[in-house]
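The following exercises concern a single protein model. Please study the sequence and the structure before attempting each task, and then compare your work with the solution.

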Amino acid sequence: MKRNRGCRLGVRLAFAWFAVQGSSAHVQAQVSPRTWITMGSGLLGQASDITLGPDRALYVLDRLSANVVVMSARGVVQRTVGREGSGPGEFKDPTSIQMMSAGGFEVVDRGNNRVQHFDRSGEYLSSRQLPPLGGYYAVAVSPNGHVAVNTLGDTTLIAVYDSAGQLLTRFARAPAAMPGGIDMAAVKREVLEGKVPAFFRNTAEPQFAPDGSVWLALITDGKVERWSPEGTRQASLQLAEPEMKEVREAFFERYRDKNPRGLPGLAFIADLYPTQNACWVLLRVGEDEDAVILRVSNTGTKTGRWVLSGVKDAGLLAVDEDRSAVFLTLSATAEVVEVPLVGSGG
């Protein structure tokens, strides 16, 4: 399936739609997204994470370039940190970045099976080994250095370790048993019968909130959950957005191809960005569909929904609540844009 790359940054002039759950009213307003990283800059190849620092600096982690691009609140590139390699301060397949409460930031350097710590200026300070399975599955680091790993489910989905690598807790019951081996032909037959293989549901993306709680995106179920640092579930929300129907249909369509590559998964959620009082959700949408962002309260209630008309291929999300703005990476063009949000969401 081809993507229309024609007026990709017709994103420069877009419309934002806002609607609160349970309300039929929509507010439409014209907005002008600000491009922070352009396609022609050569700064990005494939962004793997994005976050905001305490000074509103923007940190963009790039998997292909194996570095971190740091931009000031004014949108000026301040520095790049890292390069391809296995030495101190070098990366191989870096997957996530976290601002630390003690200062500086940490990068999950998955290809080198470690977490690396840098000071605010980007100087390398130290590294530590990833916990079990951290080199293979989804990993998140908390502001105090704890590490959450999606285990894909033996009995639980998430294991949390302290900064010394000691297991602290396990939580989130696995929806299905993982097979001892995967029969790809059998999986494809099951999907062609209109079923989603049960073990697909064990894929979860963890993200730490500033208070140390863990938000999970159960991406195949289309559900978000919040768990306490001790491993108690505090909130759960089953998403029921209209865009999810097309994503589900596209999943089955991929398997109708005579030679589908690998085992394509079913993912309704593209990214999570927890803040102090909420978790922001970037939905995965259909080909050439507009970006959709949800805000979920800490108690598991959807309190806002935004559709960003003209903003396509959004892959990653960061949120500046004080300025009512979101930052999005655009996968097809390797760009980063800032989009103001319309409406309070309350």
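**Exercise 1. The nonpolar cores**

Task: Determine how many residues the largest nonpolar core has and which of them have the most contacts inside it.

Solution. Step 1: a nonpolar core is a set of buried Ala, Val, Leu, Ile, Met, Phe, Trp, Tyr and Cys residues joined through side-chain atoms within 4.5 Å. Buried means under 20% relative accessible area, exposed over 50%, and partly exposed in between (1.4 Å probe, protein chains only).

Step 2: the largest such core has 33 residues, and Leu58, Trp280, Ile293, Leu308, Leu317, Val326 and Leu328 have the most contacts inside it. Strand 24 (residues 314-320) gives the most to this core, namely 5 residues. Strands (E, at least two residues) and helices (H or I, at least four) are DSSP runs numbered from the N terminus.

Step 3: a second, separate core comprises 28 residues, among them Met244, Leu266, Phe268 and Leu294.

The model is predicted: local features need pLDDT of at least 70 and side-chain atom pairs count only at pLDDT 80 or more, while totals for chains, interfaces and linings use all residues. Residues are numbered from 1 along each chain as its sequence is written, and side-chain values use heavy atoms, with hydrogens and water left out.

**Exercise 2. An open sheet**

Task: State the order of the 4 strands in the open sheet, and identify which strands stand at its edges.

Solution. Step 1: two strands pair if DSSP finds at least two bridges between them. The order is 3-26-25-24, with antiparallel pairing.

Step 2: strand 3 (34-37) and strand 24 each have a single partner strand, so one side of each lacks a neighbour in the sheet.

Step 3: strand 3 and strand 26 (residues 335-340) pair over 3 bridges in the antiparallel sense. Within strand 26, Val336 is the bridge partner of Ile37.

**Exercise 3. A hairpin**

Task: Describe how strand 18 and strand 19 are joined.

Solution. Step 1: strand 18 (residues 223-227) pairs with strand 19 (residues 233-238) in the antiparallel sense over 5 bridges. Lys223 stands opposite Gln238 of strand 19.

Step 2: the two strands form a hairpin with 5 residues between them, and Gly231 in the turn has a positive phi of about 95°.

**Exercise 4. Salt bridges**

Task: For the salt bridges Arg120 to Asp55, Arg128 to Glu106 and Asp211 to Arg226, establish where the partners lie and whether they are buried or exposed.

Solution. Step 1: a salt bridge is a side-chain nitrogen of Lys or Arg within 4 Å of a carboxyl oxygen of Asp or Glu. The structure holds 20 of them.

Step 2: Arg120 and Asp55 meet at 2.9 Å, N to O. Their positions are 65 residues apart, Arg120 in the loop between strand 10 (114-118) and strand 11 (124-129), and Asp55 in the loop between strand 4 (47-52) and strand 5 (58-62). Arg120 is exposed at 54% relative accessibility, whereas Asp55 is partly exposed at 33%.

Step 3: the closest N and O atoms of Arg128 and Glu106 are 2.5 Å apart. Arg128 belongs to strand 11 and Glu106 to strand 9 (residues 105-109). Arg128 is buried at 17%, and Glu106 is buried at 7%.

Step 4: Asp211 and Arg226 have their closest N and O atoms 2.9 Å apart. Because Asp211 lies in the loop between strand 16 (204-208) and strand 17 (214-218) and Arg226 in strand 18, the pair ties together parts 15 residues apart in sequence. Asp211 is partly exposed at 39%, while Arg226 is buried at 11%.
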